[in-house]
Amino acid sequence: MSDPVTTDSLELQDQLHLSDAVSSVQPTEKGPASDLVLEVKDLSVDYGWGENAVRAVNAVSLDVHRSQILGIAGESGSGKSTLVYGLTRLLRAPGVIAGGDVKLNLGKDTEGNEISIDILKASESELRKVRWSQVSIVLQSALSALNPVLRISKEFEEILKSHRSDMKKHERRARAVELLGMVGLDEDRLDRFPHELSGGQRQRIMIALALALDPQLVIMDEPTTALDVVTQREIINELADLRARFGFAMIFITHDLSLLVELADEICVMYAGVIVERAPANALYSAPRHPYTLGLLNSAPPLHGERVELEGIPGSPPDLADMPTGCSFHARCPYKMERCVTQVPPLLAADSTGRVVACWLHSGDVGVTVPEELGRTVSITPAPKPRATAPTNSKEAS
Ligand SMILES: Nc1ncnc2c1ncn2[C@@H]1O[C@H](COP(=O)(O)OP(=O)(O)OP(=O)(O)O)[C@@H](O)[C@H]1O
Ligand code: SF4
Ligand SMILES: [Mg+2]
């Protein structure tokens, strides 16, 4: 694998003419390379303008460490896709960024300066340079994202040609074969059209395309939701293995919290456009603190042990155009207190695991007793991770 940190940052610096007076690509101070590949601060996204605007993402902050898998979970409509469309500037009208900062750290240049790009201020041409090569995204609608009239080989050809102009035709073909092998597909799939492939194979091709340029960060928006459980599980195992081999960071979005517990290092739970709890996967699974996280965990079958009746969460998420006062979860929360109806709980540090949670139960107020199920001790046994099995070409994946 090439070194995306040094090679690509230099290339990017070159391509973007850093000497130009105005650029969103900035060398910053010398020192060790940032451990963070992405820094998002107070990102807000609206749909619509003026009086008709609804806030779908409200002042969300998150960091992604190098090689980390950050999971984002939440019910349908909680703002997961809007968050990643916003931070990659892929939003379509009527979506608008209402505020915030998004910084992508590209690594060091030869003089030891950290190179970062301010995504929200970058020009379209600057963004084109970093998309795919530094940040790639597999969108929620990926199954229909492949061009139906192009052979698969052409999709790889286009990406490699536009970002790796020094590659010769046979090298592009060889790279495409290598990428297919990484996701468990044979070379002959390259000459097929999308309709000649199964849903799982098409999704694997989207993942291979996302990895084509060795990006530092891969964003996957529900990449397995439309697939059967067995194929879903195989792809999750393969993603875990690919991350371990190549070291890219990943944001993985799903409404299936139990799936995320197996894959992610850290998990953000979103509700009505905000992060209500963020914690290491094991801490979140073994000792949830937010009532909504507990509700999501109780809505999913347990990873191990006896079958239990699933509880679900009563009610439905609020209408963004008519948000409740106070905690946006209060109408559905069995632990609701008086202040929950009028005061918005801030996101506060909750324990020594690095967890943050937005719930008045955990604010340390005198007289508030934390219910046992929301105050459990974090288990020292890590949440089960998928078996890392490298896909091989000898057994073609479904
Ligand atoms: N184009 C749009 N115009 C207006 N509102 C939108 C638009 N797209 C999304 N929304 C609203 O923004 C909110 C967040 O939607 P988003 O698609 O980000 O949720 P999600 O968490 O990704 O849901 P899902 O799990 O169903 O994909 C929802 O209330 C949705 O109705
Ligand atoms: S702040 Fe109140 S309503 Fe909101 S989740 Fe916590 S206890 Fe429930
Ligand atoms: Mg979505």
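**Strands, core and ligand shells in a predicted model**

Visitor: In which sense do strand 2 and strand 5 pair, and over how many bridges?
Guide: In this predicted model, strand 2 covers residues 36-47 and strand 5 covers residues 95-108. Within strand 5, L104 is the bridge partner of L38. The two strands pair in the antiparallel sense, over 8 bridges.

Visitor: Which residue takes a positive phi in the hairpin of strand 5 and strand 6?
Guide: Strand 5 also pairs with strand 6 (residues 113-118), in the antiparallel sense and over 5 bridges, and G107 stands opposite I115 of strand 6. The hairpin that these strands form has 4 residues between the strands, and the residue with a positive phi, near 85°, is G112.

Visitor: Which residue of strand 8 stands opposite I137?
Guide: Strand 7 and strand 8 (residues 217-221) pair in the parallel sense, over 4 bridges. Opposite I137, in strand 8, stands I219.

Visitor: Are the residues of strand 7 buried or exposed?
Guide: In a regular strand the side chains alternate between the two faces of the sheet. In strand 7 (residues 135-138), V135 and I137 point one way, whereas S136 and V138 point the other way. On either side, the residues of strand 7 named here are all buried.

Visitor: Which helix gives the largest share of the largest nonpolar core?
Guide: The largest nonpolar core has 102 residues, and those with the most contacts inside it are A208 and V269. The largest share of this core amounts to 7 residues, and it comes from helix 6 (residues 199-211).

Visitor: Which residues does V269 touch, leaving aside those up to four places away in sequence?
Guide: V269 is, with A208, one of the residues with the most contacts inside the largest nonpolar core. Once residues up to four places away in sequence are left out, V269 touches A73, G74, I275, V276, E277, H290, Y292, T293 and L296.

Visitor: Which helix gives the most residues to the shell around ligand 1?
Guide: There are 14 residues around ligand 1, of which Y47, S76, K80, S81 and T82 come nearest. By class, this shell divides into 4 nonpolar, 9 polar and 1 charged residues. The helix that gives the most to the shell, with 3 residues, is helix 2 (residues 80-88).

Visitor: How many nonpolar residues does the shell around ligand 2 have?
Guide: Around ligand 2 there are 13 residues, and those that come nearest are C327, H330, C333, C340 and C359. The shell has 1 polar and 1 charged residue, while its nonpolar residues number 11.

Note on methods:
Residues are numbered from 1 along each chain as its sequence is written. Chains are lettered from A and ligands numbered from 1 in the order in which they are written. This is a predicted model: local features need pLDDT of at least 70, side-chain atom pairs count only at pLDDT 80 or more; totals for chains, interfaces and linings use all residues. A residue is near a molecule or strand if its C-beta atom, placed from the backbone, lies within 6 Å of it. Ala, Val, Leu, Ile, Met, Phe, Trp, Tyr, Cys and Pro count as nonpolar, Asp, Glu, Lys and Arg as charged, and the others, Gly among them, as polar. A nonpolar core is a set of buried Ala, Val, Leu, Ile, Met, Phe, Trp, Tyr and Cys residues joined through C-beta atoms within 7 Å. A residue is buried if 20 or more other C-beta atoms lie within 10 Å of its own, exposed if 12 or fewer, and partly exposed in between; C-beta atoms are placed from the backbone. Two residues are in contact if their C-beta atoms, placed from the backbone, lie within 7 Å. Two strands pair if DSSP finds at least two bridges between them.
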